[in-house]
Each structure stands twice: as structure tokens, then as C-alpha cells.
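Reader: I am new to this structure. Please show it to me, and then let me ask about it.

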Amino acid sequence: MIITPLLVIFLIVVFVLLFLFLNTVDKRKWLSAIISLVLTPFVFFFMFYPFLNIISSYHHQKYFNSEAWIEEPALRYEMIDNIIKTDTLIGASKANVKTLLGEVEWLSWDDAQNAHDNNKWNYGLGIEPGAFNDKKECVEITFKNDKVISIRPYQEEITFENEKK
């Protein structure tokens, strides 16, 4: 485990809260301090840390890998920031994008043409972890003259389709 300033601060907060709580149970400060010192790692790793992971929306970032993109569509949200930051796809042809990302999953709707726009490809990125996340991540890749000109991530409501109709 890497000891960081944030970890130390969180451990101190947990210790102080435990000490204050235990001090209400027994007024002997030395006993409260010893019990707090012993319980702090357990309370931190089994209560505080899991709760922190539930309410935070942090997720690991990964470098773009074409095989992982195609094989693990639910984890694409981990790679999209790298694709955007490094301009991996900007200037790429439709054939090259199809090779790297696989078949287009859906096309954007163009109200002016009243049809799907063949120059706006969309891919699902999966659902970012988090307790309060109610949207799925998606990305729209826009082409002009058969070359990628923009990559726009967006969120969509999660829908559950009824299998029995």
C-alpha cells in the first residue's frame, strides 16, 4: 500500500471520530485512545473506504487498445479519455475506424434529412461505476469527407427493454 497524504488525513479523521465516539461510552481517555488506535485500520478499510468507493465516481483510465475495445465493450469508458486526449482517431478514415473500433453500433439521427446520418457513428462505452450513476456513456464520431473530424462523448439514459411483449 502506498502511503499518501490523503490516506494519512483520512486515517486521522477516522481515529478522531472513533475516539470521540468511544469517549462518550467510557470517560477514560487513555482507554478510548488505545481502543481507537486498534480499531482505526479496521473501521477505515471495512467501513470508510468501501463507502468512499460507493459514493465516488473514480475509475481507472487505460490506454487505447483495439482488441480490448472490441472484446470488452462494457469497459470502453476507461479508454475514451485516452482516445480523445491523444487524437488517436482524428483524421482516420471510416475503414480505419471500423478496423480499430469494430462495426458501428448505431448511427445518429438527422432531423433535416429525416434519416440516419452515415457520417455520425456511435459506440456504447458502458456504465461508469458509482452508486448514483443512472446514465450510460456513449461516444459520437463525426466524419467529413471520409475522415474523422470530431469525437464527442455523451451520456444517455439507461433503458431496460422488456423481453416479453
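Reader: What share of the contacts with a separation of 6 or more comes from residues 24 or more positions apart?

Author: This is a predicted model, where local features need pLDDT of at least 70, side-chain atom pairs count only at pLDDT 80 or more, and totals for chains, interfaces and linings use all residues. Residues are numbered from 1 along each chain as its sequence is written, and side-chain values use heavy atoms, with hydrogens and water left out. A contact means heavy atoms within 4.5 Å. Among contacts in the protein chain with a separation of 6 or more, the share from residues 24 or more positions apart is 43%.

Reader: Which pattern of helices and strands does the protein chain follow?

Author: Helices (H or I, at least four residues) and strands (E, at least two) are DSSP runs, numbered from the N terminus. The protein chain has five helices and four strands. Read along the sequence, the pattern is α-α-α-α-α-β-β-β-β.

Reader: What is the radius of gyration of the protein chain?

Author: The radius is taken over C-alpha atoms, and the globule rule is 2.2 Å times the number of residues to the power 0.38. For 165 residues that rule gives 15 Å. The protein chain is well over this, so it is more spread out than a compact globule, with a radius of gyration of 24 Å.

Reader: What box do the C-alpha atoms fill?

Author: The box is taken along the principal axes. Its dimensions are roughly 75 × 40 × 25 Å.

Reader: Where is the kink in α2 centred?

Author: Helix α2 covers residues 29-55, which is 27 residues. A straight helix would reach 39 Å at 1.5 Å a residue (the expected span is 1.5 Å times one less than the number of residues). The end C-alpha atoms of α2 are only 33 Å apart. There is a kink of about 45 degrees (the angle between axes fitted to the seven residues ending at a residue and the seven starting there), centred on F44.

Reader: Which helix do the buried residues of α2 pack against?

Author: Buried means under 20% relative accessible area, exposed over 50%, and partly exposed in between (1.4 Å probe, protein chains only). In α2 the buried residues are S32, S36, T40 and F44. They pack against α1 (5-25).

Reader: Is L89 buried or exposed?

Author: L89 sits in the loop between α4 and α5. L89 touches I83, V97, L100, L101, I141, V148 and I151, not counting residues up to four places away in sequence. I149 is 60 residues from L89 in sequence, with their C-alpha atoms 8.6 Å apart in space. With a relative accessible area of 2%, L89 is buried.

Reader: Within what arc do the buried residues of α5 fall?

Author: The buried residues of α5 are K94, V97 and L101. They line one face of the helix because, seen down its axis, they fall within an arc (of directions from the helix axis to the C-beta atoms) of 60 degrees.

Reader: Which exposed residues does the face of α5 turned away from its buried side carry?

Author: What covers the buried residues of α5 includes α3 (66-71), β2, β3 (135-144) and β4 (147-157). The face turned away from that buried side carries A95 and T99.

Reader: What relative accessibility does N114 have?

Author: N114 lies in the loop between β1 (106-110) and β2 (115-126). Its phi is positive, about 55 degrees, although N114 is not a glycine. N114 counts as exposed, with a relative accessibility of 56%.
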